[in-house]
Amino acid sequence: MVAIMIWSIALLLAISCGSFAGKNVVCYYASWATYRPGRGQFEVDNIDPHLCTHLAYAFFGLEADGSVVVLDPWLDLDSGRGNIRRFNELKNVNPNLKTLAAIGGYNQESEVFSRVAADPGLRRAFAENAREFCLLHGFDGLDVGWEFPGQRGGDPDADKGNFVLMLADMKQVFAASGLLLTGALAAAQNIAEISYDIAAVSQHLDFINLMAYDFNGGWNPFTGHNSPLFAGPADGTDFQRTLNVHHSVQYWLQQGAPASKINLGIPFYGRTFTLENAANYGLRAGAVGPGSPGLYTQEAGALAYYEVCAMTLSANWVRHWDHDQRIPFGVIENQWVGYDDAETTNHKCNYIHEQNLAGGMVWSIEKDDFHGYCGPKFTLLTTLRSCLS
């Protein structure tokens, strides 16, 4: 009888865990982290290839003739550091790992994507060039990061439709060679409704890496979290109530994106503000600009998680938890940071399960506490991976 009970419990656990098995953990690697000073420096050798199901190497460039180009030959090619080869050799350590060449990103001009997408010949050239690039260097596919169709110098009238045509050509060419085609796409409705025919785009992508972050930042005159899970009482306008993960995911689903293709983006960095008045530090408190640059990432308005977790060791640090939005924010003197930690990563992981999404995506792996200065190595990534496994 005891044996039967034990077997029954084991079966129930297997069934319940099985429904969560096979989720994606897509990890972007920002290759320029090689140049960061001190303990911020992150090399390919720092990557644990068992923590991710997919690794995306960021970034490669797109030229006006549709060709894919290496942006940092010294870093990427064997004539220098050989990063591309070393990156793809991680599959020798974990044969189940898939690698992606990420093209575009915020620094790539939207206008170049727009010109290529508008021309049938250039679209085909891009598709074939991208395929050859992946096959030459050993990538399993390409991740398209056009930020954003119809915006930032693109054609607001034609880009939405042309992006679909471009992806259709790429999918045809890639499928014939057994390559993956994915996209890093904006989550927020105010961007997505301009840039994407979501139902059509979804047909051509193997999965969607939904960039569910940068909802708030130092460009606003008040504080707000980088990636809140839900809306909260401090969101006083209809627009502010759209700036969260839940609203964005529901918008994408309602517009025709299959849940089985969405990888929910989770930021391994926080957005920071300089408070107008240090005594007024709540959500939507007045701010006079972005927060001070981090010692290692050296970007005003943003801090890597390992920089935030170092701040938590200060006697002046105060952590606040917002139950409605399921996120922490921290204050140290006049500096305010809204960030994701292990607790909110677990909440987002549970949300992935609840919505039956394909998995999670992280931007980016080198911003985690990869040395383990504040706790276990890769605190956020191991939290996500264990929850999704």
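This report covers the annotated domain, disulfides, pockets and cavity of a predicted model.

## Annotated domain

An unreviewed UniProt entry carries the annotation "domain: GH18" for residues 23-389. In the model, this span is 31% helix and 22% strand. The C-alpha atoms at its two ends are 7 Å apart.

## Disulfides

Three disulfides are found in a search of the whole structure. Counting the bonded cysteines along the chain, the pairing runs 1-2, 3-5, 4-6.

The sulfur atoms of Cys27 and Cys52 lie 2.1 Å apart, and the two residues form a disulfide. The torsion about this S-S bond is about -95°, so the link between Cys27 and Cys52 is left-handed. Cys27 belongs to strand E1 (residues 24-30), while Cys52 sits in the loop between E1 and E2. The two cysteines are 25 residues apart, and their bond joins distant parts of the chain. Both Cys27 and Cys52 are buried.

## Disulfides toward the end of the domain

Cys309 is bonded to Cys374, with 2.2 Å between the sulfur atoms. This link is right-handed, with 75° about the S-S bond. It ties helix H11, which holds Cys309, to the loop between E15 and helix H13 (379-388), which holds Cys374; the partners are 65 residues apart. The two ends differ in burial class: Cys309 counts as buried because its relative accessibility is 3%, whereas Cys374 has a relative accessible area of 32% and is therefore partly exposed.

Cys349 and Cys387 make up another disulfide, with sulfur atoms 2.0 Å apart. The torsion about the bond between Cys349 and Cys387 is about -105°, so this disulfide is left-handed. Here the link runs from helix H12 (residues 342-354), with Cys349, to helix H13, with Cys387, and the partners are 38 residues apart. Cys349 is at 0% relative accessibility and therefore counts as buried. Cys387 is also buried, with a relative accessible area of 16%.

## An unpaired cysteine

Cys134 is too far from the closest cysteine sulfur for a bond: that sulfur, in Cys27, is 18 Å away. Cys134 has 0% relative accessibility, so it counts as buried.

## Largest pocket

The largest pocket holds about 1300 Å³ of space. It is lined by 48 residues, and those closest to its centre are Tyr106, Glu147, Asp214, Arg271 and Trp363. Several strands give two or more residues to this lining: E2 (54-62), E5 (141-145), E6 (180-186), E9 (269-275), E11 (302-304) and E15 (359-363). Helices H2 (73-76) and H8 (189-195) do so as well.

Strand E11 gives the most to the lining of the largest pocket, with three residues. Sorted by class, the lining consists of 27 nonpolar, eleven polar and ten charged residues.

## Second largest pocket

The second largest pocket contains about 190 Å³ of space. Its lining has 17 residues, and Pro293, Gly294, Leu303, Glu307 and Met311 lie nearest the centre. Two elements give two or more residues to this lining, helix H11 (305-311) and strand E14 (335-338).

The largest share of the lining of the second largest pocket comes from H11, which gives four residues. Helix H11 is also the element that holds Cys309, the partner of Cys374. By class, the lining of the second largest pocket divides into ten nonpolar, five polar and two charged residues.

## Cavity

The structure has one cavity of 30 Å³ or more. The volume of the largest cavity is about 60 Å³. The residues that line it are Asn216, Gly224, His225, Pro228, Gly232, Pro233, Ala234, Asp235, Leu243, Leu283, Arg284 and Gln325. This lining has five nonpolar, five polar and two charged residues.

Definitions and conventions:
Residues numbered from 1 in each chain as written. Predicted model: local features only at pLDDT ≥ 70, side-chain atom pairs only at ≥ 80, totals over all residues. Heavy atoms only, no water. 1 Å grid on protein atoms, 1.4 Å probe; cavity = no way out; pocket = protein on both sides within 12 Å on 5 of 7 lines; lining within 4 Å. Points joined across faces, edges and corners; volume = space filled by probe spheres on them. Nonpolar A, V, L, I, M, F, W, Y, C, P; charged D, E, K, R; others polar. UniProt positions renumbered as here; feature names shortened; annotations may be inferred. Disulfide = S-S within 2.5 Å. Buried < 20%, exposed > 50% of the residue type's maximum accessible area, 1.4 Å probe, protein only.
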